[in-house]
Amino acid sequence: ATPHFSTHTRKVKMAALTVSFAGKIGATAPRVANARAAGRVGAAPAVRGTPLRVKSASARVASRDSLRVAATATEAPLGVFKLEYDISKDDATKSASWKEPVIVAVSGAAGQISNHLLFKIASGEVYGPDQPVALRLLGSERSREALEGVAMELEDSLFPLLREVSIGIDPMDVFVDADWALLIGAKPRGPGMERADLLEMNGAIFVEQGKALNAVAKPTCKVCVVGNPCNTNALIAMENAPNLDRRNFHALTRLDENRAKCQLALKAGVFYETVTNVTIWGNHSTTQVPDFVNAQIGGEKAMDVIDDNSWLETDFTPAIQTRGGLLIKKWGRSSAASTAVSIADAIKSLVTPTPEGDWFSTAVCTDGNPYGIQEGIIFSMPCRSNGDGTYEIVDGLEINDWLRERIKKSEDELTKEAECVSHLTGKMGGACELIGEKADTMLPGEA
């Protein structure tokens with residue numbers, strides 16, 4: 001006979017786990033309760049149970065003071081690791097050194113990029129082998145079923161560090177107490193769409209998500225924006241989340257850095273790990289500036305190792321700027337897998353100390369920057385971290401005339417983008433000049 005397993009009759013053996021994890025994951029309610037009472041937060045969506053015992057944020061909040069209440073036949077189980085995981089069977093030598101769980105919210109969680117990234121996070125590859133994670137996945141009404149499928153695959157992968165998975169379609173629910181928010185979801189650029197139209201369309205999404213982060217995320221939440229145009233989307237989210245530190249907002253340019261390292265290594269005939277000190281300056285667009293002037297190969301200046309300025313200026317630079325579009329032509333789809341790898345790399349660069357003398361690229365707020373870039377925009381620059389999630393901009397890089405001219409062009413583009421969305425950032429009065437082919441640039445990854 002086929003065995004029957006009931007998910008509603010298992011005994012709860014949670015005392016030790018509740019004591020260990022409740023302070024981080026369970027205490028989520030006050031800001032959400034206040035926001036709901038004020039009418040700022042809508043009702044959380046009903047979420048059908050999956051083998052991972054996925055629960056909605058509202059169910060999590062309602063049960064915060066009673067994590068040991070067993071699920072009933074009429075109520076979806078509230079998390080296999082919270083209510084049905086037998087802590088007595090845990091490997092004490094393994095879990096004793098674990099940190100408190102980190103809450104990671106991910107938008108666009110049913111998309112191709114997330115499909116690669118979530119498994120890296122759950123495995124411990126990104127935040128570390130001693131860092132449990134709680135995943136909060138944000139989708140849309142259309143992607144709800146797909147989100148449940150993602151949760152089922154996460155369960156089937158048997159990740160010990162994955163302590164919770166929640167899904168929802170309201171950022172006010174999903175972003176509750178988030179330590180990290182990875183904003184991957186965005187609407188793609190359609191045929192004939194001006195860059196200004198794309199900024200307006202996606203701007204509304206990041207206004208909503210910025211306000212949600214402001215209302216319910218931890219004030220220390222680190223935000224990485226991937227959805228394009230990512231620099232200005234990050235600006236919109238940042239300006240709508242004044243409760244969060246402006247330095248905690250990032251736009252992803254790590255994929256561009258990785259591509260630059262690859263091409264420099266191939267040209268020099270060396271392996272990728274010997275290429276260091278690569279900076280991407282500016283916007284994640286075709287105005288981005290991959291810096292070969294300060295790059296190093298095997299500890300020597302890349303320009304000396306390659307000794308071919310013509311190639312560096314006329315071949316290397318446009319190759320990085322247009323790499324995404326070329327990949328689409330070859331592959332027939334955008335670079336989801338390598339983007340996921342670069343997101344993981346970007347996070348690891350913030351949670352592990354930067355090697356001495358090296359740096360990494362990330363687009364951050366320009367307030368107080370040492371290179372004279374206009375303040376109040378999100379601009380990719382060289383950064384270092386001590387491993388606690390914070391960073392400092394690396395000062396003193398050589399900026400020759402070739403770099404300076406191109407950095408200025410990318411700065412001007414981002415300034416114009418900021419003016420186009422001034423009505424979304426509380427700075428009315430800007431005039432949008434990103435209209436027409438001459439004023440437009442193609443995003444990496446767009447055909």
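Two bridges join strand β7 to strand β10, and the two run antiparallel. One of the residue pairings is that of T276 with Q296, its bridge partner in β10. This report describes a predicted model, beginning with the sheet that holds these strands and then moving to other parts of the chain.

The sheet is open and has three strands in the order β7-β10-β11, with antiparallel pairing. Its edge strands are β7 (275-276) and β11 (300-301), each of which pairs on one side only. Strands of a sheet pair through backbone hydrogen bonds, either parallel or antiparallel.

**The protein as a whole**

The protein has 16 helices and 14 strands. It contains 447 residues, and buried residues make up 55% of them. Among contacts with a separation of 6 or more, 76% are between residues 24 or more positions apart.

**Aromatic rings**

How many aromatic pairs does a search of the whole structure find? The search finds seven. One of these aromatic pairs is formed by F292 and F316, which meet edge-to-face, with 6.3 Å centre to centre and 75° between the planes. F292 lies in the loop between β9 (289-291) and β10 (296-297), while F316 belongs to helix α13 (residues 309-321), so the pair ties together parts that are 24 residues apart in sequence. Both F292 and F316 are buried. Ring pairs link these two residues with W311 and W402 into a cluster.

A ring also takes part in another arrangement: the charged end of R247 sits over the ring of Y391, 4.3 Å from its centre.

**Two serines**

S380 and S338 are set out below by place and relative accessible area.

| Residue | Place | Relative accessible area | State |
|---|---|---|---|
| S380 | strand β13 (residues 378-384) | 0% | buried |
| S338 | helix α15 (residues 336-351) | 31% | partly exposed |

What lies around S380 in the fold? Leaving aside neighbours within four places in sequence, S380 is in contact with N231, T253, I280, W281, G282, S361, T362 and A363. With I280 there is a polar approach: a polar atom of the S380 side chain lies 2.5 Å from the backbone oxygen of I280.

For S338, a link to another part of the chain can be given. The C-alpha atoms of S338 and R259 are separated by 9.5 Å, although the two residues are 79 residues apart along the chain.

**Helix α11**

R259 is one of the buried residues of helix α11. This helix covers residues 254-268, and its 15 residues should span 21 Å at 1.5 Å a residue; its end C-alpha atoms are 21 Å apart, which agrees.

Is α11 largely enclosed or largely open to the outside? Of its 15 residues, 11 are buried, so α11 is largely enclosed by the rest of the structure. The buried residues are R254, L255, D256, E257, R259, A260, K261, C262, Q263, L264 and A265. They include charged side chains such as those of R254 and K261 alongside L255 and L264. An α-helix has 3.6 residues a turn, so residues three or four places apart point the same way. After α11 comes G269, whose phi is positive, near 70°.

Key: Residues are numbered from 1 along each chain as its sequence is written. This is a predicted model: local features need pLDDT of at least 70, side-chain atom pairs count only at pLDDT 80 or more; totals for chains, interfaces and linings use all residues. Side-chain values use heavy atoms; hydrogens and water are left out. Rings of Phe, Tyr and Trp (its six-membered ring) pair if their centres lie within 6.5 Å; planes under 30 degrees apart count as stacked, over 60 as edge-to-face and the rest as tilted. Helices (H or I, at least four residues) and strands (E, at least two) are DSSP runs, numbered from the N terminus. Buried means under 20% relative accessible area, exposed over 50%, partly exposed in between (1.4 Å probe, protein chains only). A charge sits over a ring if NZ of Lys or CZ of Arg is within 6 Å of the ring centre and within 35 degrees of the ring normal. A polar contact is a pair of N or O atoms within 3.5 Å; within protein, one must be able to donate a hydrogen and the other to accept it, and residues adjacent in sequence count only if both atoms are side-chain atoms. Contact means heavy atoms within 4.5 Å. Two strands pair if DSSP finds at least two bridges between them. The expected span of a helix is 1.5 Å times one less than its number of residues.
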